[in-house]
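I opened a new model today and wanted notes I could use at the bench. These are the things I looked up, in the order I looked.

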Amino acid sequence: MRSRLFVLFVAVCCLARAATPSETVTLRLTRAYDAAWDRGDVPAMYDMLDPECVLKTPFQTRLGRDAIRDNSYRNVKKFRDSVRTEESSKIDGDIGYSFSTLAFNEYDANGVLKARRQAKHLFIFTRRPGQDWKIRFMITTEETHAAP
């Protein structure tokens, strides 16, 4: 009886997994970036950016990955716990895009939760010959926050 239940359990799990849509390339790339951010891994994030990357938020515009690293990554300890949901994406040759929503938390200098935030993003990726995908544009179209 136990072996039949085990086989049934495995079959149900396999069917459930088959019904789940697979992760897109763009979602995998943005989640890798988010994970590096949450770890505070600036070199990993920097490596994911195209040298000519553009960051545009309601608060700033940064041109080039050096400017992004030197200015935007100062907040890496302040914002974390990223959870991204992708609304749509497309890969067309060596260009890809992702529209997504990122939920994350903001902490004060003492590590106390200050706000829960949400941001809408457009990420555009490019792939140069012989290279991996890189983030070319990171655009935050809107951002909201609420008290914890």
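**Hairpins first**

I started at a turn. β4 and β5 form a hairpin with five residues between them. In that turn G111 has a positive phi of about 85 degrees. I kept in mind throughout that this is a predicted model.

I then counted the pairing. Strand β4 covers residues 95-107 and strand β5 covers residues 113-127. The two run antiparallel, and 13 bridges join them. I noted two pairs across this hairpin. Y107 stands opposite L113 in β5. A103 faces Q118 in β5.

The other side of β4 came next. β3 and β4 also form a hairpin, with two residues between them. G93 sits in its turn, with a positive phi of about 70 degrees. Eleven bridges join β3 to β4, again antiparallel. R84 has L102 in β4 as its bridge partner.

**The whole sheet**

I stepped back to see where these strands belong. They are part of an open sheet of six strands, in the order β2-β1-β6-β5-β4-β3, with mixed pairing. Which strands are at the edges? They are β2 (61-63) and β3 (79-92), each of which pairs on one side only. The twist averages 20 degrees from one strand to the next.

I checked the chain as a whole too. It holds four helices and six strands. Along the sequence the pattern reads α-α-α-β-β-α-β-β-β-β. The chain has 148 residues, and 32% of them count as buried. I also looked at contacts between residues at least 6 apart in sequence: 50% of these join residues at least 24 apart.

**Helix α2**

Next I looked at what lies on the sheet. Helix α2 (residues 25-39) lies across β1 (49-56), β3, β4, β5 and β6 (133-146). It runs at about 160 degrees to β3.

I tested its length. At 1.5 Å a residue, its 15 residues should span 21 Å. The end C-alpha atoms are 21 Å apart, so the model agrees with the expected span.

Which residues of α2 are buried? I listed T26, L27, L29, T30, Y33, D34, A36 and W37. The buried residues of α2 pack against α3 (42-48), β1, β3, β4, β5 and β6. After the helix comes G40, with a positive phi near 75 degrees.

**The core**

The largest nonpolar core has 20 residues. Y33, L49, I135 and M138 have the most contacts inside it. The elements giving two or more residues are α2, β1, β4, β5 and β6. α2 gives the most, with four residues.

I followed I135 outward. Beyond its neighbours within four places in sequence, I135 is in contact with Y33, M48, L49, D50, C53, F123, I124 and F125. Y33 and L49, which are also among the core residues with the most contacts, are thus both on the I135 list.

**T101 in β4**

I went back to β4 for one residue, T101. Is T101 buried or exposed? Its relative accessible area is 8%, and buried means under 20%, so T101 is buried.

T101 has polar partners. Its side chain makes a polar contact with the side chain of E87, at 2.9 Å. A second polar contact, of 3.2 Å, joins the side chains of T101 and K120. T101 and E87 are 14 residues apart in sequence, and their C-alpha atoms are 7.5 Å apart in space. Leaving aside neighbours within four places, T101 is in contact with V83, R84, T85, E87, Q118, A119 and K120.

**Two more residues**

D81 lies in strand β3. Its phi is positive, near 70 degrees, and it is not a glycine. I flagged this because most residues other than glycine have a negative phi. D81 is partly exposed, with a relative accessible area of 35%.

T126 was my last stop. T126 is in strand β5. At a relative accessible area of 13%, T126 is buried. Not counting residues up to four places away in sequence, T126 touches D50, D94, I95, D132, W133, K134 and R136.

Methods. Residues numbered from 1 in each chain as written. Predicted model: local features only at pLDDT ≥ 70, side-chain atom pairs only at ≥ 80, totals over all residues. Heavy atoms only, no water. Pairing = 2+ DSSP bridges. Axes fitted to C-alpha atoms, helices over the stretch in contact; angles between N-to-C directions. Contact = heavy atoms within 4.5 Å. Core = buried A, V, L, I, M, F, W, Y, C linked by side-chain atoms within 4.5 Å. Buried < 20%, exposed > 50% of the residue type's maximum accessible area, 1.4 Å probe, protein only. Expected span 1.5 Å × (residues − 1). Polar contact = N/O pair within 3.5 Å; in protein donor to acceptor, adjacent residues only side chain to side chain.
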